[in-house]
2 protein chains.
Amino acid sequence: MEREAAREPIEEHEQGEPCVPYDENRVKRFDILKINHGVRQQVEDTLVLESPLTIFLNDEELVTLLCTPEDIKFLAVGFLAAEGLLAGKDDIAKIVTDEDKGVVWVETVKNREMARDMVFKRLITSACGKGTTFYNVVDASACQPVSSDVTITADQALHLAEEMQRHSLLYKDTGGVHNAALADSGKILIFGEDIGRHNAIDKIYGRCILEGIPIHDKIILTTGRISSEILLKVVKNQIPVIISRSAPTTLAVNLARKLGITVVGFARGKRMNIYSHEERIV
Amino acid sequence: MEREAAREPIEEHEQGEPCVPYDENRVKRFDILKINHGVRQQVEDTLVLESPLTIFLNDEELVTLLCTPEDIKFLAVGFLAAEGLLAGKDDIAKIVTDEDKGVVWVETVKNREMARDMVFKRLITSACGKGTTFYNVVDASACQPVSSDVTITADQALHLAEEMQRHSLLYKDTGGVHNAALADSGKILIFGEDIGRHNAIDKIYGRCILEGIPIHDKIILTTGRISSEILLKVVKNQIPVIISRSAPTTLAVNLARKLGITVVGFARGKRMNIYSHEERIV
């Protein structure tokens, strides 16, 4: 395909048949100039769509995120829940989405004041509990440690990581998105992708909330680095295992060790590194 | 080295001698479990430090960023300038840093009120001009288009991208950071690295401001994706060329075409894609 010829892949990955065909509204084709060993050629290239999504909560304009404009309802709900502004499905009175304008309106059963200030504060400080700034959270006092009997074999973990990557046709075509997935030990249940690694995970959370899928006994997979912010998203949802194709940071590993999360990094091919709570990888 | 044996590299890169030895305070060693083709082995792995940096502006606690705790003074100044809270070096009355606590205090000559609200708004909406929310900015009316005679050959661009990658010993050891660099057509002048791709670029801006290095006639290199937010950072500084080893998004390319920025993506080996204003790649 011409669009594939326009670049080298970001990394090698399995060339199996993609499982998820993607909506053409998620990408756009551009005429570009490709230079390959000094040869200049006009080609068509496929880029991932980035567009603004504005979330209104109870008629208050809360935030504008930049995202891949797919599953915006899930993203809005997942974002609100992650920020502590939604308790769960029962807390939602109404959701209206306008995909063309990139707007989602969410109405909660209980009106929440000061939501905007709270989100602003939280987005910057990545608080774990309300009103707790990030650097106080490092001692994890505001977070509930995760205790779970979930286990997974190393082969299953590697298989899931490979499966997530194969799943993503959008990644193959654009090289510009992060993937995330929710899985049990056997298979991937939900798939999320977005230009932002936070958004990709929030889309999964939002879908679980709206569709009533339990999440605390599952495994999260991501192509992105595991920073402390990603780790805290996992803690908040009481998910016991996170597996990434990339690296974790020191802060994420320290939090994971204290809070009972299994962190697996560099899960590629036949290799993986287990940074915390290895007892769940059997 | 044992620490290298603990993982596969994220991607292939040149194995030349690194130019920049790194401070051991930037990384930390962890005992981890490595699984390779089913063989379990306890090894030592090197992780990139992530820690909070709190910025005070005129005695007001402004923001806490998560970053790699190196060049924190440059990061604080670059962040404030990017957010429109610092006009330049002459605007700085005093800077005090406490590396152990992760705090930088900046005092400006002219006291600025409402800085905090402004930053909060801007961090979410990625405004280009003060008070302009992001989605109004897509038509670029608030941004000054870049006009510059800077040119670079394709070979020089590829050489710089390779040079940036080779430069980063921290990346080699941890696989967890983004690199950025400021260059002229011939060589890299300033190098920045951080767990965040925004921070890596802000460290470069901050250093340019404090050391009086002109930036508008230079080239920015990054290992990260070119999103609209990254593109707007480049526009604000009137830099004519940005080169990445990764993908750009649709919004970034559309803005670049309107605002006169040359965007090069997937600059690897002997290949590159030019998405806008190819006249500067000669």
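## A tour from helix H7 to the shared sheet

Start by selecting Arg197(A), Asn199(A), Ala200(A), Ile201(A), Asp202(A), Lys203(A), Ile204(A), Tyr205(A), Gly206(A), Cys208(A) and Leu210(A): these are the buried residues of H7(A). Keep in mind as you go that this is a predicted model. Now show the whole helix: eleven of its 15 residues are buried, so H7(A) is mostly covered. Try a distance between the end C-alpha atoms of H7(A), residues 197–211: they are 22 Å apart, which agrees with the 21 Å expected for 15 residues at 1.5 Å each. Just after the helix, click Gly212(A), which has a positive phi, near 65 degrees.

What does H7(A) lie across? Select S7, S8 and S9 of chain A to find out; the helix runs at about 140 degrees to S8(A). Zoom in on S7(A) (178–183) and S9(A) (219–222), which pair in the antiparallel sense over four bridges. Ala181(A) has Leu221(A) in S9(A) as its bridge partner.

Next, show the full open sheet, with eight strands in the order S8(A)-S7(A)-S9(A)-S10(A)-S11(A)-S12(A)-S1(B)-S2(B) and mixed pairing. Its edge strands are S8(A) and S2(B), each pairing on one side only. On average, neighbouring strands are turned by 25 degrees against each other, direction ignored.

Now pick helix H9(A), residues 250–259: it lies across S11 and S12 of chain A plus S1 and S2 of chain B, at about 65 degrees to S1(B).

Last stop: Ala154(A), in helix H5(A). Is Ala154(A) buried or exposed? It is buried, with a relative accessible area of 10%. Among the residues Ala154(A) touches are Met272(A) and Ile35(B). Val282(A) is 128 residues away from Ala154(A) in sequence, yet 6.7 Å away in space, C-alpha to C-alpha.

How values were computed:
Residues numbered from 1 in each chain as written. Chains lettered and ligands numbered in written order. Predicted model: local features only at pLDDT ≥ 70, side-chain atom pairs only at ≥ 80, totals over all residues. Heavy atoms only, no water. Helix = DSSP H or I, 4+ residues; strand = E, 2+ residues; numbered from the N terminus. Expected span 1.5 Å × (residues − 1). Buried < 20%, exposed > 50% of the residue type's maximum accessible area, 1.4 Å probe, protein only. Contact = heavy atoms within 4.5 Å. Pairing = 2+ DSSP bridges. Axes fitted to C-alpha atoms, helices over the stretch in contact; angles between N-to-C directions. Lists of a residue's contacts leave out its neighbours within four places in sequence.
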